[in-house]
Amino acid sequence: GLLRPEEVTRPILERYQRHLFYVRKKDGRPLGAKTQYNHLRTVCLLFRWVVRAGHLWANPASEIEMPRLPQRLPQAVLSLEEVEQVLAKPNLEKPSGLRDRAMLEVLYSTGVRRAELAALRLFDVDASRGTVWVRQGKGRKDRVVPIGERALAWVQKYVEEARPRLTVFGDEGILFLGDAGQGMHPDYLTRLARHYLVAAGIQKPGSCHLFRHSMATAMLEGGADVR
């Protein structure tokens, strides 16, 4: 019976939230936390737009407390032995193989995402501080992440020995170049990582993100703080 945005109040939304909590599906089971969250998020996004569009002065959904979603660890991670098997697969006699080894080392050492790896530029790697500057990562936010000495050594070897042989056109400063001398698409990185996982005899699902999960798991097992 609500026809206008101004008729919706916070108590009404709270009743809707309680309804989502107590409602039962046809089989008698309650709605999952993710389903409740998605329903409420849709409402919150709607009223955020209503306010921005000038139809309301205040957002009745701004104080809604969203249900907490369960935090689950990824099921598929690589052991330290499996990581070493994958890292040893690129053919270091080829410039592309040396590049691939450096990329895999950076993926595992830093935990960056595939699009972030593809966007890295030469000056984003600071060997003196042992850090990598990730520009416009997830959420379009910049961040600085640490990188290990071994990964830095492979990056330096790639930059000195292989990258000049991959540079075909004018150098735009992209760190990892494809065989045509240009930057690589994230989908290509997925296929590349999957290729080396299969070559190492590893059938676990995933590709680039598998290295991110494996790095985080190894850090936790080594006593690192979650944050």
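## Salt bridge K204–E82

K204 and E82 are joined by a salt bridge between their side chains, with an N to O distance of 2.8 Å. K204 belongs to the loop between α7 (186–199) and α8 (208–221), while E82 sits in helix α3 (residues 80–87), so the contact ties together parts that are 122 residues apart in sequence. The model is predicted.

The relative accessibility of K204 is 27%, which makes this residue partly exposed. E82, at 18%, is buried, because the cut-off for that class is under 20%.

## Salt bridge R150–E105 and its network

A salt bridge also links the side chains of R150 and E105, at 3.2 Å from N to O. R150 is in helix α6 (residues 149–166) and E105 is in helix α4 (residues 95–110); the pair therefore ties together parts that are 45 residues apart in sequence.

E105 is buried, with 3% relative accessibility, whereas R150 is partly exposed at 37%.

## Salt bridge E116–R143

In the salt bridge of E116 with R143, the closest N and O atoms are 2.9 Å apart. Here a helix and a strand are tied together: E116 lies in α5 (residues 114–119) and R143 in β3 (residues 143–146), parts that are 27 residues apart in sequence.

E116 has a relative accessibility of 7% and counts as buried. R143, at 26%, is partly exposed.

Returning to R150 and E105, salt bridges with shared partners connect these two residues with E84 and R101 in one network.

## Total

Over the whole structure, the search finds 17 salt bridges. Among them are K204–E82, R150–E105 and E116–R143.

Terms used
Residues are numbered from 1 along each chain as its sequence is written. This is a predicted model: local features need pLDDT of at least 70, side-chain atom pairs count only at pLDDT 80 or more; totals for chains, interfaces and linings use all residues. Side-chain values use heavy atoms; hydrogens and water are left out. A salt bridge is a side-chain nitrogen of Lys or Arg within 4 Å of a carboxyl oxygen of Asp or Glu. Helices (H or I, at least four residues) and strands (E, at least two) are DSSP runs, numbered from the N terminus. Buried means under 20% relative accessible area, exposed over 50%, partly exposed in between (1.4 Å probe, protein chains only).
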